[in-house]
Amino acid sequence: MKILVAISQTPETTARIAFKNEGTIFDTNGVNFIMNPYDEWYALVRALELKEQKGGSVTVIHCGPPANEVIIRKALAIGADDAVRINMEPLSAHSIAIQIAAYAKDQSFDVIFAGKETIDYNESLVGGMVAELLDLPFISHVSKLVYNDAVASVTRDIEGGEEEIEVTGPYVVSAAKGLAEQRIPNMRGIMSAKTKPLQVITPVPEESTADYIHFQVPAAKTSVKMVDPNNMDELVRLLHEEAKVI
Amino acid sequence: MVLVVAETLEGKIKNSSFETVYYGSKVAEILGTSCHALILGPCSDGGRLGSFGAKEVWQVEDQALSSFDSQVYTKVITQIAKEQGAKVVIVADSSNGKSILGRLSIALNAGPVRGANKLPELKDGKLNFQRPVFSGKAIATCRVNSEIAVISLMGNSLKPQSTGAEVAVKAINVEIPASKTKVIKVERSVGIVPLPEAQIVVSAGRGMKDPSNWGIVEDLAAVLGATTACSRPVADSGWRPHHEHVGQTGIAIRPNLYIAIGISGAIQHLAGVNSSKVIVVINKDPEAPFFKAADYGVCGDLFEIVPKFTEAVKKFKSTHH
Ligand SMILES: Cc1cc2nc3c(=O)[nH]c(=O)nc-3n(C[C@H](O)[C@H](O)[C@H](O)COP(=O)(O)OP(=O)(O)OC[C@H]3O[C@@H](n4cnc5c(N)ncnc54)[C@H](O)[C@@H]3O)c2cc1C
């Protein structure tokens with residue numbers, strides 16, 4: 001099996017979220033970056049498990065500047081065989097999807113993995129865009145993926161439940177929680193990652209269809225109103241009369 | 001023209017579709033055009049969408065569309081959007097909506113906005129939408145630069161109002177491509193409002209100590225007509241099902257009322273819930289970070305407080321309506 005995993009870089013979950021230049025640019029000052037958890041914990045690990053079961057290779061692809069190679073080396077340390085970096089500043093989901101599709105077009109991957117969303121822009125777009133560009137089936141928010149011979153049985157999260165789908169031939173999935181268990185890279189992995197192939201590619205031209213023009217951090221709650229634990233009638237009254245939510 | 005894809009469930013219009021259509025009609029007003037609703041697959045009550053602002057309701061009634069395939073749906077919607085000259089295509093920010101949003105943006109060469117939560121502004125001929133980013137820690141303004149926009153609308157963004165009469169549903173024929181996927185099984189917990197659509201959510205964390213203690217949480221949820229949720233460690237340790245996990249790496253929700261029981265309020269948890277309109281926190285630790293994000297707090301032992309809260313709600317419900 002030939003598998004491609006798209007990986008993205010995001011701020012750490014505890015990063016301070018602030019903006020500069022009058023709210024037009026994310027302030028990266030003091031922010032640590034990680035591999036997007038959905039890509040690392042679920043997409044990449046399930047891809048590696050499939051390779052372990054069925055043979056083949058796992059390639060990771062990342063759109064970003066040279067500094068982002070830290071996350072690429074991490075993906076290689078966890079077990080990917082080789083990597084591709086499209087040398088660019090990613091500006092939108094569209095700018096990323098165009099590059100991934102351009103790379104994957106002639107490579108006959110059996111499965112292309114993305115995370116269900118990145119934890120910064122939360123757009124949930126790249127997987128579907130790549131699938132549409134390559135005219136492949138796309139199953140999003142996948143929490144289980146197993147093979148019975150050539151047929152993949154894929155379970156996706158739906159509102160209040162799940163749906164099981166069979167798909168044959170190449171397809172794109174976006175990974176959600178449950179698909180795999182996080183793997184911590186070991187020393188051997190970290191050492192071998194240093195010598196695994198990393199190909200750097202120049203991006204193809206692209207014109208984005210949407211962009212972000214402003215960001216703001218919502219106002220913090222004013223102070224909390226404490227209610228006496230022995231007076232739950234008062235809490236109910238407040239929720240009804242003041243907050244008007246029950 | 002604004003085209004709204006209305007979702008159905010078991011042959012009936014989903015409640016959330018009234019909001020999507022109403023939103024579409026408001027976007028149409030901003031653009032000085034009309035809003036049309038599109039139903040894919042069998043549905044018996046599509047005309048109701050007329051009352052929420054759809055000038056016409058179109059339906060492709062083919063059985064092949066009764067199960068969802070993002071590729072097939074995208075081809076059908078794209079065909080209709082192109083034929084009708086849609087300038088904005090709106091879907092719900094649901095599991096299906098999210099599966100087709102990216103695809104539609106490519107197929108229509110349209111600027112995508114995932115999870116808009118307000119009506120757009122029209123500036124210099126371009127639509128500007130607001131959406132939460134960084135798991136609700138910030139709000140972004142997204143400008144669509146292309147001729148066409150595709151939007152997924154976050155639930156609970158505006159209250160749908162019935163504005164007119166039902167309309168007749170018009171059947172339309174389009175070519176439906178063969179699906180390369182096959183839905184084998186659908187499992188849905190019945191009778192429970194799914195988390196993203198719930199108006200009231202009762203959520204509990206590690207402070208519950210043991211899964212066998214969840215009865216008091218379920219009782220409170222039952223009297224409030226609420227959906228239950230949980231923190232990540234609770235789902236990870238198998239105390240509750242994964243689909244209840246809310247937060248940065250779980251489901252992001254924005255109900256009218258979020259009640260957090262025995263949850264500390266870690267930044268990753270808050271990220272997925274702090275857009276809730278009103279937050280009530282029940283925790284025994286006065287220093288729990290969640291109190292800083294709460295509107296109402298009760299400090300004390302949840303095992304005593306929650307049953308009392310349930311009784312108080314019951315008493316209230318019996319005297320009101
Ligand atoms: C990358 C990453 C992503 C994450 N994503 C998520 C996410 O999506 N969602 C999420 O929830 N977490 C997430 N987490 C985990 C998060 O950091 C916290 O560990 C988690 O939210 C804590 O869960 P909790 O509040 O239930 O448990 P705890 O932090 O253990 O808090 C339990 C609380 O219960 C209170 N309590 C105990 N007993 C009682 C009692 N008898 N009466 C009243 N109160 C009591 C305690 O005072 C305490 O505040 C993530 C972490 C990381 C690193």
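This report walks through chain A first and then a sheet and a recorded site in chain B. The structure is a predicted model, so please read every value below as computed from that model.

**Chain A as a whole**

Chain A holds six helices and 15 strands. Its C-alpha atoms occupy a box of roughly 65 × 45 × 40 Å along the principal axes. Of the 246 residues in chain A, 56% are buried. Contacts that reach along the sequence are well represented here: among those between residues at least 6 apart, 70% link residues at least 24 apart.

**Helix H3 of chain A**

How far apart are the end C-alpha atoms of helix H3 (residues 93-104) of chain A? They lie 16 Å apart, and this agrees with the 16 Å that 12 residues should span at 1.5 Å a residue.

H3(A) is largely enclosed by the rest of the structure, because 11 of its 12 residues are buried. Among them are the polar residues His94(A), Ser95(A) and Gln99(A), along with Ile96(A), Ile98(A), Ile100(A) and Tyr103(A).

**A loop proline in chain A**

Pro65(A) sits in the loop that joins strand S6 (57-63) to helix H2 (69-78) of chain A. Is Pro65(A) buried or exposed? With a relative accessible area of 19%, Pro65(A) is buried, because the cut-off for that class is under 20%. Beyond its neighbours within four places in sequence, Pro65(A) contacts Arg85(A), Asn87(A), Met88(A), Glu89(A) and Pro90(A). Ile25(A) is 40 residues away from Pro65(A) along the chain, and the two C-alpha atoms are 17 Å apart.

**A sheet built from both chains**

Six strands form an open sheet with parallel pairing, in the order S15(A)-S18(B)-S17(B)-S16(B)-S14(B)-S15(B). At its edges stand strand S15 (225-226) of chain A and strand S15 (227-230) of chain B; each has a single partner strand, so one side of each lacks a neighbour in the sheet.

Within the sheet, S16(B) and S17(B) pair in the parallel sense over five bridges. Ile259(B) stands opposite Val280(B) in S17(B). Helix H7 (residues 302-319) of chain B packs on the sheet and touches S16, S17 and strand S18 (296-299) of chain B. The direction of H7 makes about 135 degrees with that of S17(B). Helix H4 (residues 215-224) of chain B lies across strand S14 (200-204), S15 and S16 of chain B, and runs at about 175 degrees to S14(B).

**Recorded binding-site residues in chain B**

An unreviewed UniProt entry lists residues of chain B under "binding site", including Arg206(B), Ser231(B), Gly262(B), His269(B) and Asn283(B). Two of the listed residues are set side by side here.

| Residue | Place | Relative accessibility |
|---|---|---|
| Gly262(B) | loop between S16 (257-261) and H6 (267-273) of chain B | 13%, buried |
| Asn283(B) | strand S17 (residues 278-283) of chain B | 10%, buried |

Leaving out residues up to four places away in sequence, Gly262(B) touches Gly205(B), Arg206(B), Gly207(B), Ile282(B), Asn283(B) and Leu302(B). On the same basis, the contacts of Asn283(B) include Gly262(B), Ile263(B), Ser264(B), Phe291(B) and Cys299(B). Which backbone atom does the side chain of Asn283(B) reach? That atom is the backbone nitrogen of Asp285(B), at 2.9 Å.

Note on methods. Residues are numbered from 1 along each chain as its sequence is written. Chains are lettered from A and ligands numbered from 1 in the order in which they are written. This is a predicted model: local features need pLDDT of at least 70, side-chain atom pairs count only at pLDDT 80 or more; totals for chains, interfaces and linings use all residues. Side-chain values use heavy atoms; hydrogens and water are left out. Helices (H or I, at least four residues) and strands (E, at least two) are DSSP runs, numbered from the N terminus. The expected span of a helix is 1.5 Å times one less than its number of residues. Buried means under 20% relative accessible area, exposed over 50%, partly exposed in between (1.4 Å probe, protein chains only). UniProt positions are given in the numbering used here, feature names are shortened, and annotations may be inferred rather than shown by experiment. Contact means heavy atoms within 4.5 Å. A polar contact is a pair of N or O atoms within 3.5 Å; within protein, one must be able to donate a hydrogen and the other to accept it, and residues adjacent in sequence count only if both atoms are side-chain atoms. Two strands pair if DSSP finds at least two bridges between them. Axes are lines fitted to C-alpha atoms, for helices over the stretch in contact, and angles run from 0 to 180 degrees between N-to-C directions.
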